[in-house]
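Me: Please take a close look at one part of this model: the aromatic side chains and what surrounds them. Keep it brisk.

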Amino acid sequence: MDLPKNPPSRRTVVAALAAAPLAAPTPAWALAEAAPAASGDIPGATIQLWPDAAPGAPATLPTPKIEQRSKEAGVNDRWVTGVARPGLTVRRPARANGAAVLLIPGGGYGFIAWDNEGEEQARWLNKLGVTCFILSYRLPAEGWANRALVPLQDAQRAVRLIRARAGDHGVDPKRVAVLGFSAGGHLAGSLATRHAEPCYAPVDAADDLSARPDLAGLIYPVVTLAEPFTHEGSRDNLLGTPSGDAQRRDASVERRVTADTPPVFLVHASDDETVPIANSLALYQALLAAKRPAELHAFDQGGHGFGTRLPDSAPASVWPRLFAAYAARQRVFPTTG
């Protein structure tokens, strides 16, 4: 997603209300009929990632803010900035099947597209019995020290906390997937390839657990920060300007694939003018070269940032069903039939 040049004012974020029970199941890939009321708040049970201040905290923490971009009554489309205390918002299904997904919305590392790539994804996953954890991660350009590692610190810590508290949420710690979108796809891909990299000092027993996801789904992801087809906004927000060639290569997901990279599911549209499909192609080639399990779905239309908002007539609208099938084959989601 492109960042706004002159973002309008935003309201203060308040995380409060618990998730409500879901209605009767509908097709997993269908967008829920109506979003919660556009109150400007982010509801849900939030788990704070860090017991004290997050690593590299500035003297003055960023101010939590939200921009409600939806013009339609009863429909949320919120952009979050100023993440001072990163956390997990839990979305529980009516009947949990043990699978968990860490949802990482995009926003070019400059904001978090909370509803399109967070809440709306949790709805269809909840209908499959999957417990979801939406990650509110720190934005690297908001004053944090060691900015290039800030989102990865939060993502690693999130997976460890999901496993540490698996019993509290009816989750199998061996069936934890990550699903990331756009720049959130870069973060999910970084987590998949750099899960064992020490990037913060351990704070409690949860940090003894693995941060490796059992499956990574990357939807129209930013992958490279080194090649000319990168998304420059994501690169500059993560690394700062100027950034050196070595730093860009180090943060490029396609260059970090190892024998321990989990199975990866990729979706991209060839008419994506924001994050070119060459990003997914580069990662897919790297995964094949490393003989890692991978599945790529390339669609001729869809653009960027479509989430689950495409009409049924658009071929790319089936990607959630394809992801669920792949997760079942990888034994992260339960098999049906």
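Reply: Start with the ring pair of tyrosine 200. Tyrosine 200 is buried, with a relative accessible area of 12%. The model is predicted. Across the structure, eleven aromatic pairs are counted. Tryptophan 50 and tyrosine 200 make up one of these pairs, in an edge-to-face arrangement. Their ring centres lie 4.8 Å apart and the planes meet at 90°. Where do the two rings sit along the chain? Tryptophan 50 belongs to the loop between strand E1 (45-48) and strand E2 (65-68). Tyrosine 200 belongs to the loop between helix H4 (183-194) and strand E9 (215-219). The pair therefore ties together parts 150 residues apart in sequence. Tryptophan 50 is buried too, at 4% relative accessibility. That value counts as buried because the cut-off is under 20% relative accessible area.

Next comes the pair of phenylalanine 181 and tyrosine 220. Their ring centres are 6.0 Å apart and their planes stand at 55°, so this pair is tilted. The tilted class fits because 55° falls between the limits of 30 and 60 degrees. Phenylalanine 181 is in strand E8 (residues 176-181), and tyrosine 220 is in the loop between E9 and helix H5 (232-239). This pair also links distant parts of the chain, 39 residues apart. Phenylalanine 181 is buried at 0% relative accessibility. Tyrosine 220 is likewise buried at 0%.

Both rings are members of a cluster linked by ring pairs. Its other members are Trp124, Phe265, Phe306, Trp319, Phe323, Tyr326 and Phe333.

Some rings have a charge over them. The charged end of arginine 69 sits over the ring of tryptophan 79, at 3.7 Å from the ring centre. Arginine 138 lies over the face of tryptophan 144, with 4.8 Å to the ring centre.

One more aromatic residue leads into a strand. Phe133 is part of strand E7 and is buried. How many residues of strand E7 (residues 131-136) are buried? Six of its six are. In a regular strand, side chains alternate between the two faces of the sheet. On one side of E7, Phe133 is joined by Thr131 and Leu135. Cys132, Ile134 and Ser136 are on the other side, and they are buried as well.

E7 has strand partners. Strand E4 (residues 87-91) pairs with E7 in the antiparallel sense, over five bridges. Threonine 89 has isoleucine 134 as its bridge partner in E7. Strand E5 (residues 100-104) runs parallel to E7, joined by four bridges. There, valine 101 is bridged to cysteine 132 of E7.

Methods
Residues are numbered from 1 along each chain as its sequence is written. This is a predicted model: local features need pLDDT of at least 70, side-chain atom pairs count only at pLDDT 80 or more; totals for chains, interfaces and linings use all residues. Side-chain values use heavy atoms; hydrogens and water are left out. Rings of Phe, Tyr and Trp (its six-membered ring) pair if their centres lie within 6.5 Å; planes under 30 degrees apart count as stacked, over 60 as edge-to-face and the rest as tilted. Helices (H or I, at least four residues) and strands (E, at least two) are DSSP runs, numbered from the N terminus. Buried means under 20% relative accessible area, exposed over 50%, partly exposed in between (1.4 Å probe, protein chains only). A charge sits over a ring if NZ of Lys or CZ of Arg is within 6 Å of the ring centre and within 35 degrees of the ring normal. Two strands pair if DSSP finds at least two bridges between them.
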